[in-house]
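Biologist: I've got a model open on my screen and would like to talk it through. Could you take my questions one at a time?

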Amino acid sequence: MNALRRMGVDWRDRRLIGNLYMGQKIRIRIDGELSEPGMLGRGVRQGCPLSPLLFNIYIEELIREALEDIEEGVKMRGVLMKALRFADF
């Protein structure tokens, strides 16, 4: 949620996303019987259309922080490329 705040995502949208992802519970059906409810682990929800975007926001912040003090890379058209996030651009 902090990454979304730093990106300037409105608090109402952050609250909506938080409600979708935080505190989710899961039950598993085995041989027709349901397990006790358990907490779903952290991370993005599989199949949710918002998940790829949330993952990209998180990983971008992680890469920027990791490369913050790095001055090495490859210059392309005058821009220093420290890391390539996607192969097709």
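Modeller: Sure, and one term before we start: buried means under 20% relative accessible area, exposed means over 50%, and partly exposed is what lies in between. Keep in mind too that this is a predicted model.

Biologist: Then let's use that straight away. Is Glu61 buried, exposed or partly exposed?

Modeller: Glu61 has a relative accessible area of 26%. Buried needs under 20% and exposed needs over 50%. The value for Glu61 fits neither, so the residue is partly exposed.

Biologist: Which residue does Glu61 meet in a salt bridge?

Modeller: This pair links distant parts of the chain, with the two positions 55 residues apart. Glu61 sits in helix H3 (residues 51–66), and its partner is in helix H1 (residues 2–6). The N to O distance is 2.2 Å, and the cut-off for a salt bridge is 4 Å. The partner is Arg6.

Biologist: How many salt bridges does the structure hold?

Modeller: Side chains of opposite charge can pair when their charged atoms come close. Besides Glu61 with Arg6, Asp10 pairs with Arg12 at 2.9 Å between the closest N and O atoms. Glu60 and Arg64 also meet, at 2.8 Å. The count for the structure is 3.

Biologist: Why are Glu60 and Arg64 about one helical turn apart?

Modeller: Both residues belong to helix H3. Their separation is about one turn because of their spacing along that helix, which is 4 residues.

Biologist: And which residue of that pair counts as exposed?

Modeller: Glu60 has 21% relative accessibility, so it counts as partly exposed. Arg64 has 57%, and the limit for exposed is over 50%. The exposed one is therefore Arg64.

Biologist: What about Asp10 and Arg12: which category does each fall into?

Modeller: Asp10 comes out at 30% relative accessibility. For Arg12 the relative accessible area is 46%. Each value lies between the 20% and 50% limits, so Asp10 and Arg12 are both partly exposed.

Biologist: Let's go inside. How many residues are in the largest nonpolar core?

Modeller: In soluble globular proteins, nonpolar side chains tend to be buried together. Here the members of the core are Ala3, Leu4, Ile17, Tyr21, Cys48, Leu54 and Ile57. H1, helix H2 (11–21) and H3 each supply at least two of them. The core has 7 residues.

Biologist: What percentage of the protein's residues count as buried?

Modeller: The protein has 89 residues, and its accessible surface comes to about 8,000 Å². Carbon and sulfur atoms account for 55% of that surface. The buried share of the residues is 12%.

Biologist: Which residues form a nonpolar patch on the surface?

Modeller: Start with strand E1 (residues 25–26), which contains Ile26. With 37% relative accessibility, Ile26 counts as partly exposed, and patch residues need over 30%. Together the patch residues have about 280 Å² of accessible area. They are Ile26, Ile28 and Ile30.

Biologist: Where is Asp31, the residue with a positive phi?

Modeller: Asp31 is not a glycine, yet its phi is about 50 degrees. It is exposed, with 79% relative accessible area. Its place is the loop between strand E2 (29–30) and E3.

Biologist: And what is the phi of Arg77?

Modeller: Arg77 is found in the loop between E5 and strand E6 (79–81). It is exposed as well, at 89% relative accessible area. Its phi is positive though it isn't a glycine, with a value near 55 degrees.

Biologist: How far apart in space are Ile70 and Lys82?

Modeller: Ile70 lies in the loop between H3 and strand E5 (74–76). In sequence, Ile70 and Lys82 are 12 residues apart. Their C-alpha to C-alpha distance is 7.6 Å.

Biologist: Last one: which element has the lowest mean pLDDT?

Modeller: The mean pLDDT of the protein is 83, with 90% of its residues at 70 or more. Where pLDDT is low, the predicted coordinates should not be read in detail. Strand E3 (residues 33–34) has the highest mean among the elements, at 90. The lowest, with a mean of 74, belongs to strand E4 (residues 38–39).

Conventions
Residues numbered from 1 in each chain as written. Predicted model: local features only at pLDDT ≥ 70, side-chain atom pairs only at ≥ 80, totals over all residues. Heavy atoms only, no water. pLDDT = per-residue confidence, 0-100. Patch = residues over 30% accessible without salt bridge, like charges linked within 9 Å, V, L, I, M, F, W, Y side chains within 5 Å. Areas by Shrake-Rupley, 256 points an atom, 1.4 Å probe, with all protein chains shown as cover. Salt bridge = Lys/Arg side-chain N within 4 Å of Asp/Glu carboxyl O. Buried < 20%, exposed > 50% of the residue type's maximum accessible area, 1.4 Å probe, protein only. Core = buried A, V, L, I, M, F, W, Y, C linked by side-chain atoms within 4.5 Å.
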